Amino acid sequence: MKITFCCTDTRAEPWLQGLSAALPGADISVWQPGAPQADYAVVWAPPQRFIDEQSGLKALFNIGAGVDALLALRLPPAMRVVRLDDAGMAVQMAEYVSHALIRHFREFDGYEADTRAGRWSYRRPRLRQDFPVGIMGLGVLGERVARAVAQFDFPVRGWSRSPRQLDGVRCYSGQQGFNDFLAATRVLVNLLPLTPETRDIMNRETLSRLLPGAYVINVARGAHLVDEDLLALIESGHVAGATLDVFRTEPLPAGHPFWQHPHITVTPHTSARTLRGESIAQIARKMAALERGEPIAGVVDARRGY
Ligand code: NAP
Ligand code: GLV
C-alpha cells in the first residue's frame with residue numbers, strides 16, 4: 001500500500017512514524033511534485049497541484065473534521081474524501097463549549113475583575129431555565145456538546161438538516177424548524193459544517209430572532225458569522241457577547257474589533273485540536289478496512305458539502 005502525506009503547517013516526521021507503526025509494510029512518504037500515484041493520501045490544505053497529480057487515489061484522508069477548504073479545490077468527481085470522525089475532538093469541543101457557557105452564565109469574568117480589584121462582592125444567581133442553549137449541527141461534535149450541556153441541567157435545543165431524536169434535547173430540523181429553534185435559544189452554539197447553505201448563517205436577521213440577552217459561541221467556521229452584524233447587535237444590547245474560536249481570516253488580523261472588544265472572548269482556533277495518535281489510529285483502521293473492501297464511517301458527501 002502506497003501512502004502520500006501532504007499536510008501544510010504540520011510537522012511530517014511524527015505522522016510518518018506513527019502511520020508506519022500502525023501500517024507495517026506500507027510505503028509512506030511526503031508528497032513532492034511529480035511523485036508517482038499513491039493508493040491513499042493523508043492531507044490538510046493540499047495545493048490544487050497535489051489533487052491534479054494524485055487523481056487516482058482510492059481515498060483522501062483529511063486530518064480534520066471540516067472539509068470546506070478541501071471541497072473548495074477541483075476534485076475528481078469520484079474522489080472519496082474521508083474526514084476525521086471524532087478522533088478525540090468531541091470531548092475537547094464539549095469542554096470548550098461548557099467552559100464558555102458556564103463562564104458567561106456564572107459571570108466569572110465579573111468575579112475575576114472584582115477579585116483583582118480586591119472586592120468581595122456577590123452577583124444575584126441566574127436561573128439556568130432562562131439560558132436555553134441551542135446547538136446548530138447535531139453531528140459527531142454537536143451531539144457530544146448537547147449531552148455535555150444537558151448534564152449541567154440547561155434546557156438544550158438542537159437543529160440539524162434531517163430530523164433527529166436525542167434524549168434531553170428538543171430537536172428542530174430543516175428551514176421550517178430554524179426560526180422556532182432560534183426563538184427558543186438564548187446561548188447559540190455553532191457546530192455546522194461550512195457549506196453554501198450555512199455560510200453567513202449567523203447574521204443580523206437570524207441573531208435578532210434569539211432570545212434577548214443572547215450569547216454566541218462559534219466553534220465551527222468564521223464564515224458562518226457576519227462580523228459586523230454581531231458587533232451591531234452587541235452594541236444594541238440584544239446580544240450580550242460572544243466566545244469566538246474561528247474567524248473569516250485566520251490568524252485574526254491585528255486591529256480587528258474582536259480582539260479588544262470587552263464582551264468578546266477570542267481563542268486561536270483551538271477548541272478541538274487534531275490529536276495525532278488518535279487520528280493516525282483511526283485513519284490506519286479505515287485504510288485497512290477499505291483494503292478489505294469494507295465500508296467506513298466519515299466519507300464525505302460532496303453534494304451535501306460535509
Ligand atoms: P458532522 O458530524 O458532519 O455534523 C454536521 C451537522 O450539521 C449534522 O447534524 C448536519 O445535519 C448539520 N447540518 C449540515 N448542514 C446543515 C444545514 N444546512 N442545516 C441544518 N443542519 C445542517 O460534523 P462534525 O464532525 O460534528 O463537525 C462540525 C464542524 O465543526 C466541522 O465541519 C468543522 O467546520 C467544525 N470543527 C471545528 C473545530 C475547531 O477546532 N474549531 C474542530 C473540529 C471541527 P444532519 O445530521 O441532518 O446531517
Ligand atoms: C478543525 O477546524 C477541523 O475541522 O478539524
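**Reading two ligand shells and a buried aspartate**

Visitor: A backbone N or O atom of G66 lies 2.7 Å from which kind of atom of ligand 2, and how do I read that?

Guide: An oxygen atom. The general idea is the polar contact: a pair of N or O atoms within 3.5 Å; within protein, one must be able to donate a hydrogen and the other to accept it, and residues adjacent in sequence count only if both atoms are side-chain atoms. Mind the ground rules: this is a predicted model, where local features need pLDDT of at least 70, side-chain atom pairs count only at pLDDT 80 or more, and totals for chains, interfaces and linings use all residues. Residues are numbered from 1 along each chain as its sequence is written, chains are lettered from A and ligands numbered from 1 in the order in which they are written, and side-chain values use heavy atoms, with hydrogens and water left out.

Visitor: What else makes polar contacts with ligand 2?

Guide: A backbone N or O atom of A65 is 2.7 Å from a ligand 2 oxygen, and a side-chain N or O atom of R221 sits 2.8 Å from one. The protein covers 85% of the 190 Å² of accessible area (Shrake-Rupley, 1.4 Å probe; for residues, only the protein chains shown count as cover) that ligand 2 has on its own.

Visitor: Which residues are around ligand 2?

Guide: A residue counts as near if one of its heavy atoms lies within 4 Å. Here that gives G64, A65, G66, M89, R221 and H269.

Visitor: And which residues come nearest to ligand 1?

Guide: Of 29 around it, R83, L141, S162, V219 and Y306. A polar side-chain atom of Y306 is 2.6 Å from a ligand 1 oxygen, while polar backbone atoms of V140 and L141 each come in at 2.9 Å. The protein covers 93% of the 940 Å² that ligand 1 exposes on its own.

Visitor: Which elements supply that shell?

Guide: Helices (H or I, at least four residues) and strands (E, at least two) are DSSP runs, numbered from the N terminus. Helix 4 (89-105), helix 6 (140-151) and strand 7 (156-160) each give at least two residues to the ligand 1 shell.

Visitor: Last one: is D114 buried or exposed?

Guide: Buried means under 20% relative accessible area, exposed over 50%, partly exposed in between (1.4 Å probe, protein chains only). D114 is buried because its relative accessibility is 6%. D114 belongs to helix 5 (residues 108-116). Leaving out residues up to four places away in sequence, D114 touches (heavy atoms within 4.5 Å) R119, S121 and R123.
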